[in-house]
Amino acid sequence: MTPIGAGRALFWKNLTAGVNGIGPVESFDTSAFPVHLGAEVKDFDPSGNEKLGRGSQLAVAAARMALDDSGIDVTARDRSRIGVSMGTTSGEPGMIERYNDARKADGVQSVPVDILPKYPCNVVPSNIAIEFDLHGPCLMIPTACAAGNYAIGYGFDVIRSGRTDLMLAGGADPFSRITYMGFARLGAIAPERCQPFDKNRKGMVPGEGAAVLVLEPLDAAVARGATIYAEVLGYGVSCDSHHMTAAHPQGDGAIRAMAMALKESGRSADEVDYISAHGTGTPTNDRVEAIAVRTLFGDRASHVPMSSIKSMIGHTMGAASAIEAVACSLAIHTGVIPPTMNFEEPDEGSDLDYVPNEARRTDPRIVLNNAYAFGGNNASLCLARLQ
Amino acid sequence: MSARVVVTGAGVISSIGAGVEEFERNLYAGCSGIGPSPLLGETAVAAEVRNFNPQPWLGNKGIRVLDRSARLLCVAAQMALSSTGLQQQEGGEGDPNLGLVCGTMFGSVHSITSFDWSGVTDGPAYVNPMEFPNTVINSPAGQAAIKHKLRGVNSTISAGLVSGLYAIHYAAEFLMFGRATALLAGGVEELCEESFLSFRKVGVISERGCPQPFGADRDGTVLGEGSALWMLETADSARARGATALLEISGFGAAHDAHNIQAFSVRADGATSAIRQALADAAIAPEAIGCVIAGASGSRAGDEMEAHALRNVFGPRLEQIPVCAPKAAFGEALGASGALCALTAGLALGKRAIPPTAGFHSAQNGLRLSAGPQNIEGDYALVNCFGCDGNNAALVLKGLN
């Protein structure tokens with residue numbers, strides 16, 4: 001579920017065509033803001049789930065598409081062995097917005113009874129479990145904008161440790177006035193377009209979306225003749241322990257997360273064929289990520305294609321790295337890597353390959369998916385073509 | 001994946017005490033932290049950390065920007081780190097293999113609501129940008145990492161009322177996969193008007209202001225708050241640095257009832273399955289369990305479901321197993337509950353006696369609760385945590401003394 005389309009096929013078609021999903025915010029009035037751009041999921045019909053918060057609606061829709069795409073009939077499975085692991089930045093912030101709107105209008109007594117109980121972010125994976133009658137482990141990992149990678153990592157872990165046979169893992173975040181106010185007040189939102197890594201980049205664009213990946217043990221996937229988009233080799237996480245919102249200036253945590261992911265995967269930096277950048281489009285984040293990649297990859301850095309799909313779909317918060325993990329998997333599966341759109345001029349002295357403005361047919365086998373977040377959280381996921 | 005994970009230290013702040021010693025003393029004396037809650041207003045009853053002042057543990061530097069959750073978590077982390085000699089040096093770089101896994105349910109909801117409220121009432125141009133970082137759900141964990149120089153994994157886990165147990169399980173898996181050598185793991189929850197209102201509006205708060213876990217006349221839950229963290233390490237790394245292993249994380253089980261987002265499943269299928277999985281994960285039979293730390297909080301449906309699950313697993317032997325429902329003392333501390341209950345189980349295994357259930361006078365279902373401490377036999381304790389969103393978790397611990 002993304003600002004450029006719902007479903008694997010449409011998302012991938014639009015992503016590799018450089019379609020823009022960013023436009024004026026429609027879900028609330030931005031006239032009191034200095035900026036107006038957002039990346040919203042349009043034409044989404046949550047029929048049947050009207051009572052759920054938008055975060056849950058997006059997540060349940062993505063989970064349904066993922067299960068359909070996998071060809072797995074969960075009703076024929078031991079459902080105590082199927083779990084849900086999701087990531088998010090804000091969970092169901094719309095419930096807090098409705099709570100505040102209601103008490104501003106008519107006082108706290110007027111707040112409907114069912115709003116606040118739908119706020120805690122664990123309702124999102126629980127709603128997936130309820131929708132598909134899944135009885136395994138079920139949790140939310142709200143590690144902000146790196147959350148999708150954390151959630152996929154947890155799914156990977158509990159399959160490897162034999163606790164589950166199948167995991168629905170990903171991330172979801174609805175468009176939120178709270179998030180928008182915060183980034184707007186920090187001056188972090190781009191006024192006209194999102195230009196990751198471009199010298200004249202002016203910020204990020206808040207977005208919304210959800211992505212769910214179906215993870216299963218390799219043997220089981222092979223045995224049932226599944227389409228295997230990618231293999232999860234490993235992941236790495238770290239904390240900058242430096243500042244709540246600003247990345248470590250030398251990219252300390254980002255480097256350690258990538259290095260840990262590669263080490264766990266039994267791979268070296270020399271083998272990486274593509275990096276899906278966190279690349280939000282803010283001056284500092286992109287600079288630090290470039291420093292981190294340059295430091296870890298050394299002389300080879302300029303030969304590793306690295307793109308940011310946030311140039312098209314904005315920053316979908318906790319869903320971002322899950323959507324990007326889908327993009328990485330499809331890049332591996334199809335041999336095409338998506339571009340960084342709106343890229344015109346590199347930073348002073350930068351020679352990294354940002355795959356500017358056009359998708360590229362290559363043959364990525366080993367891919368790193370980077371994600372960084374408030375709280376100094378860093379997570380890198382290593383995906384590969386099945387050998 | 002064969003590494004054993006052990007507990008080498010702990011920190012706790014709750015309505016019944018700050019620090020493991022005070023917590024233990026009050027718990028075993030049958031004290032309850034439940035009473036009038038200045039934080040929630042004149043008439044509200046809760047298990048509040050009264051007159052909370054983080055200064056003795058954290059000093060004054062950098063405290064102002066922390067919200068209540070972050071302060072509670074930072075205090076528990078300070079205690080847990082110092083209890084096992086892993087405090088990071090002031091001005092030092094911090095250990096990249098030392099991290100934090102924090103369970104929470106509502107997270108920073110009060111900060112989020114206040115931030116949005118200021119936007120709604122004063123306009124978006126007037127929100128305080130300094131408060132924005134506190135609006136992400138993982139802000140307490142991020143703040144604790146900065147405060148205590150924790151450079152390893154920094155995860156926040158949200159699974160409703162069972163968040164604390166999931167956090168311990170998540171940290172144990174992380175250690176077993178070799179991604180860290182030492183992890184603080186547990187939970188935090190602050191009392192605030194938003195979470196209180198959420199529970200009060202659906203009618204699950206005790207009108208009498210007195211939870212009676214498993215009691216025939218129970219009329220609901222009383223909310224609590226606090227933070228409890230364990231220091232978890234692999235047995236090998238604890239041994240290598242000469243740290244004493246107090247407990248072993250033997251088994252974890254989790255199951256979702258996939259039934260309703262706001263109701264306990266009366267049949268207790270998920271709860272039963274979670275306990276059975278935890279026993280199987282620990283490779284022990286139900287007979288090896290010496291005591292049960294129950295998640296019961298006075299909830300009419302929730303306590304009944306738990307009793308049902310225990311009966312399913314233990315059969316007629318259930319009447320012989322000492323049970324404690326410590327939420328009678330520290331309240332339903334939501335995302336911190338699992339960690340507070342696990343800490344209670346660890347203390348019980350260490351003393352070979354389970355604490356009293358505060359204010360206990362009678363139990364339904366033949367459960368062996370008591371108003372006084374009860375001696376326990378066997379090396380294993382079961383910790384239950386069952387949530388009203390259908391999520392169930394159970395943890396099996398082994399005493400190592």
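Helix 8 (residues 252–265) of chain A and helix 9 (residues 283–297) of chain A pack at about 50°, their axes 9 Å apart, and are therefore oblique to each other (neither under 35 degrees, over 145, nor 65 to 115). This is a predicted model, where local features need pLDDT of at least 70, side-chain atom pairs count only at pLDDT 80 or more, and totals for chains, interfaces and linings use all residues. Residues are numbered from 1 along each chain as its sequence is written, with chains lettered from A and ligands numbered from 1 in the order in which they are written.

On the helix 8 side of chain A, Ala254(A), Ile255(A), Met258(A) and Ala259(A) meet Val288(A), Glu289(A), Ala292(A), Thr295(A) and Leu296(A) of helix 9 of chain A; contact means C-beta atoms, placed from the backbone, within 7 Å.

Over in chain B, strand 7 (residues 182–189) has 8 of its 8 residues buried, meaning 20 or more other C-beta atoms lie within 10 Å of a residue's own. Ala182(B), Leu184(B), Gly186(B) and Val188(B) point one way, while Leu183(B), Ala185(B), Gly187(B) and Glu189(B) point the other. Its pairings (at least two DSSP bridges between two strands) look like this:

| Partner of strand 7 of chain B | Sense | Bridges | Example pair |
|---|---|---|---|
| Strand 5 (residues 98–103) of chain B | parallel | 6 bridges | Val101(B) and Ala185(B) |
| Strand 8 (residues 226–234) of chain B | antiparallel | 8 bridges | Glu189(B) and Gly226(B) |

As for the interface, 67 residues of chain B are in contact with 58 residues of chain A. Helix 4 of chain B gives the largest share of chain B's side, 9 residues.

Methods
Two residues are in contact if their C-beta atoms, placed from the backbone, lie within 7 Å. Helices (H or I, at least four residues) and strands (E, at least two) are DSSP runs, numbered from the N terminus. Axes are lines fitted to C-alpha atoms, for helices over the stretch in contact, and angles run from 0 to 180 degrees between N-to-C directions. A residue is buried if 20 or more other C-beta atoms lie within 10 Å of its own, exposed if 12 or fewer, and partly exposed in between; C-beta atoms are placed from the backbone.
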